[in-house]
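Work through the exercises below with the sequence and the coordinates at hand. Each task is followed by a solution in steps.

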Amino acid sequence: MFPECLTLSNIYMITGFLISMYSCVSNDVIQTLGTFLTTSKKMPTWLIWAFTSAVLVITISMGWLVNHGDMAFGRLERIPYPETFTLIHVLPPIILLFLTRYGIPVSTTFLILSIFSASDMSVIGMILSKSLIGYVLAAIVSILIYTIIARPVERYFYYTADKKISKWWIAAKWLSTAFLWSQWLMQDAANLFVYLPRKASFTQLVLVIVAFSAFMWIVAYKRGGEVQKIIKMKTNVQDPRSATIIDLIYAFLLLYFIHLNNVPMSTTWVFIGLLAGREIALYHRLRFESPKKMYKHILKDLSKAAIGLIVSIITVFLLIKFDVIKSFFTSHFM
């Protein structure tokens, strides 16, 4: 990670990696740790940090060992490693960090990986297609599951929310969070490690874990940031029992897509699709809120994701064509 000869290219590589790691975790925390943070308001920051960091250390280390130094779990096989890093490679995570500040769930995968896949547009198309399929499939699966369990399970949770919750449900919430967090790390590892050599040394592994753990402290301290609002607006998600079911469904969806192929995808779209399907099913089965409010939440989430995707596409296009645009303005206006 820190080569002996610290060239400008290496500085861009390290800077891009650190900013990308923090911006990815900050933007995608609603998908993985969102329900955990929502249901753990009274939990001390150090305990949240220790728990989430332990899971990431085990997951990344196992990936490094099993895949012979490949911390990205094969997700970067289609993404070439640049011979030279430039400022263009650093800008996407900076833009992502800015958009995250305003709670826009940007397609992290598309925004960051597209810069590295500019020479092969088919890869970008596969990423986008898999992400959109993920949204539709997640929504369908969620509707089917919650149509079945809404009345016997979710209604019971809703009307017993003020009663003491069994310690077994609390344990289940922790286990489901660990499972989901590990699956997200395996799926989104490409976004985190695209700046690093495809085969990392042990020293690089240690440095990655230290940096990642440091950023997780910030996430734990902030309890998720602005994008956490997407979770809080959903029906009964502050109940650890409901949150556990959401995490398990989402984790198994990610597990399916991990084994489907090694094409990276936007897990944001899968998560938003899951929540949309859940809200639709709960409305039709339980009528806890008005249809206007329910569809407003769904459309708001979808519009935010769509805006994030559009911004990502425009940003990627401008960055890829930066030299052409610069030459055009230089020749015509200077």
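The exercises go from the whole chain to single residues, and the model they use is predicted.

**Exercise 1. Overall composition**

Determine how many helices and strands the protein has, and what pattern they follow along the sequence.

Solution. Step one is the count: the protein has 13 helices and 0 strands. Step two is the order, which reads α-α-α-α-α-α-α-α-α-α-α-α-α along the sequence.

**Exercise 2. Burial, contacts and surface**

State what percentage of the residues is buried, how contacts divide by separation, and what the accessible surface consists of.

Solution. Start with burial: 54% of the 334 residues count as buried. Next, take the contacts with a separation of 6 or more; residues 24 or more positions apart account for 85% of them. Last, the accessible surface comes to about 15,300 Å², and carbon and sulfur atoms hold 70% of that area.

**Exercise 3. A nonpolar patch**

Find which residues make the nonpolar surface patch and which helix gives the most to it. Then classify I218 as buried, partly exposed or exposed.

Solution. The patch is made by W46, W217, I218 and Y221 and covers about 480 Å². Helix α8, residues 202-222, gives the most, with 3 residues. I218 has its place in this helix, α8. Its relative accessibility is 32%, so I218 counts as partly exposed. The class follows because partly exposed covers the range between under 20% and over 50%.

**Exercise 4. The surroundings of S142**

Locate S142, decide whether S142 is buried or exposed, and list what S142 touches beyond four places in sequence.

Solution. S142 lies in helix α6, which spans residues 121-159. With a relative accessible area of 0%, S142 is buried. Leaving out residues up to four places away in sequence, S142 touches L274, G277 and R278. For R278 a distance can be added: the backbone nitrogen of R278 is 2.9 Å from a polar atom of the S142 side chain. A further pair links distant parts of the sequence: S142 and I246 are 104 residues apart along the chain, and their C-alpha atoms are separated by 9.0 Å.

**Exercise 5. N10 in helix α1**

Place N10 in a helix, decide whether N10 is buried or exposed, and identify the side chain with which N10 makes a polar contact.

Solution. N10 is part of helix α1, residues 8-32. The relative accessible area of N10 is 15%. Buried means under 20%, so this value meets the cut-off, and N10 is buried. Finally, the side chains of N10 and T7 are joined by a polar contact of 3.1 Å.

Notes. Residues are numbered from 1 along each chain as its sequence is written. This is a predicted model: local features need pLDDT of at least 70, side-chain atom pairs count only at pLDDT 80 or more; totals for chains, interfaces and linings use all residues. Side-chain values use heavy atoms; hydrogens and water are left out. Helices (H or I, at least four residues) and strands (E, at least two) are DSSP runs, numbered from the N terminus. Buried means under 20% relative accessible area, exposed over 50%, partly exposed in between (1.4 Å probe, protein chains only). Contact means heavy atoms within 4.5 Å. Accessible areas come from the Shrake-Rupley method with a 1.4 Å probe; for residues, only the protein chains shown count as cover. Patches are made of residues with over 30% relative accessible area and no salt bridge: like charges are joined within 9 Å, nonpolar side chains (Val, Leu, Ile, Met, Phe, Trp, Tyr) within 5 Å. A salt bridge is a side-chain nitrogen of Lys or Arg within 4 Å of a carboxyl oxygen of Asp or Glu. A polar contact is a pair of N or O atoms within 3.5 Å; within protein, one must be able to donate a hydrogen and the other to accept it, and residues adjacent in sequence count only if both atoms are side-chain atoms.
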